[in-house]
Amino acid sequence: MTDLHAISRAPMIPGGLLGVFAHPDDETLGAGGILASAASVGVGVGVVTATRGELGEILTPELAHLADDRPALAHEREHELSRALSALGVRAHRFLDTEPGLAAKRPTHFTDSGMAWIRTGLAGPGTESGADALTSVPVEVAARLLAAVVRRARPQVVITEEAHGSYGHPDHVHLHQVTMRAVELAADAAPTEEVDDPLSDLEPWDVPVVGWIVEPETRFRAALRWLDAMVDRQPQFGTRGDALGTVAADHELPSVVVPDEQVDLTIDVKPVLPAVVQAMQAHRTQVQAVHLLDLTRQENRGLPVCGWFAVSNGILQPLLGTASLRLAPGRDRVEELSDPRTIDGLTRDRLAGTRGTDRLAAFLGGTVA
């Protein structure tokens, strides 16, 4: 098992992929297929996590006592994150609040801001956040810390949440804003007079590609229809023994699901789904009923889903065989991508002869689906 402290000390691999997420499990549920796919072809993959998920739900009955001990829950979720990152092949990790600098403008630790379900697929602010909640950290402060990571890692691709936070979680929304500001700051060569500035003495870096994690609507609705029919035939139950529900295909969907024309890249991630499932199972306090279909069986080929899982709301979600990105305007310079493994002349260029989205897909270790 990967030691989280060890990979937190490991240097970010220059020229690779950097994922930026709010809580432990977001790297897996939102972007696990992309992270594992890139890692599987030797791309250096790093992850930044903004909080330790102190206000997360606790699905595992034997850990229910952690609801009254948030520091202990945070510690448990660090262990879960360690196992998940190991499964995905992530080689370096940082908690955003461990970045030095701007001490007078920030809390020592950034904590989970919490959320409350407004309806299925839409969350809003919770009532338990404290003064050190991530959403209380000014965007400019958190962004300067993240920009320092970007300057050191010099990634060719950064991925994060879409603007509405996938399903409205306040931390996800805030971190999208932080990430987009961070890539601007990382590229800005202007000197700063900030006291204790984390960007001092770090060379600017202009990230060519920033991708927002999304799902194409047509593909997602087809998956929901299949899940609904499957549960009618074969009811599914959660960790606590409760029956898990489904969302009707014509229901209003979370913001991570976008019209097909807003998706810039969809890649096939079926080869790395076992790693993604292992990472999901590592997040045992947050994820339940993880199931991967046997994709070698003829009857499972061509289905709109490859499996399913659920989180604390007890609603089954489809495990797709694809992963999709929407590219940020101005951060869609895919022609600038190069095979990061060729920096030291270790291998031939996997990206040779590719253009456009095919080039980005090759960088991420997949093929356009």
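**Entry 1: the cavity**

I looked for enclosed space and found one cavity of 30 Å³ or more in the structure. I kept in mind that this is a predicted model. I then looked up the volume of the largest cavity, which is about 50 Å³.

Which residues line the largest cavity? I listed Met12, Ile13, Gly16, Leu17, Gly44, Val45, Gly46, Ala92, Ala153 and Pro155.

**Entry 2: helix α9**

Next I turned to helix α9, residues 273-282. Is α9 mostly covered or mostly uncovered? I found α9 mostly covered, with seven of its ten residues buried. I wrote down the buried ones: Leu273, Ala275, Val276, Val277, Ala279, Met280 and Ala282.

I also checked what these buried residues pack against. Among the helices I noted α2 (26-29), α3 (32-40) and α4. Among the strands I noted β10 (288-292), β11 (307-310) and β12 (316-319).

**Entry 3: Glu80**

I followed α4 to one of its residues, Glu80; this helix covers residues 70-88. Glu80 is buried, yet I found no salt bridge for it. Why no salt bridge? The nearest side chain of opposite charge, Arg77, is 4.4 Å away, and a salt bridge must be within 4 Å, so Arg77 does not qualify.

I did find a polar contact for Glu80. It joins the side chains of Glu80 and Thr285 at 3.0 Å.

Last, I looked up what Glu80 touches, leaving out residues up to four places away in sequence. I got Ala282, His283, Arg284, Thr285 and Gln286. Ala282 was already in my notes as one of the buried residues of α9.

Note on methods: Residues are numbered from 1 along each chain as its sequence is written. This is a predicted model: local features need pLDDT of at least 70, side-chain atom pairs count only at pLDDT 80 or more; totals for chains, interfaces and linings use all residues. Side-chain values use heavy atoms; hydrogens and water are left out. Helices (H or I, at least four residues) and strands (E, at least two) are DSSP runs, numbered from the N terminus. Buried means under 20% relative accessible area, exposed over 50%, partly exposed in between (1.4 Å probe, protein chains only). Lys and Arg count as positive and Asp and Glu as negative; His and the chain ends are not counted. A polar contact is a pair of N or O atoms within 3.5 Å; within protein, one must be able to donate a hydrogen and the other to accept it, and residues adjacent in sequence count only if both atoms are side-chain atoms. Contact means heavy atoms within 4.5 Å. On a 1 Å grid over the protein atoms alone, a cavity is a set of points where a 1.4 Å probe fits but cannot get out, and a pocket is an open set with protein on both sides within 12 Å along at least five of seven lines; lining residues have an atom within 4 Å of a point. Grid points are joined across faces, edges and corners, and a volume is the space filled by probe spheres set on the points.
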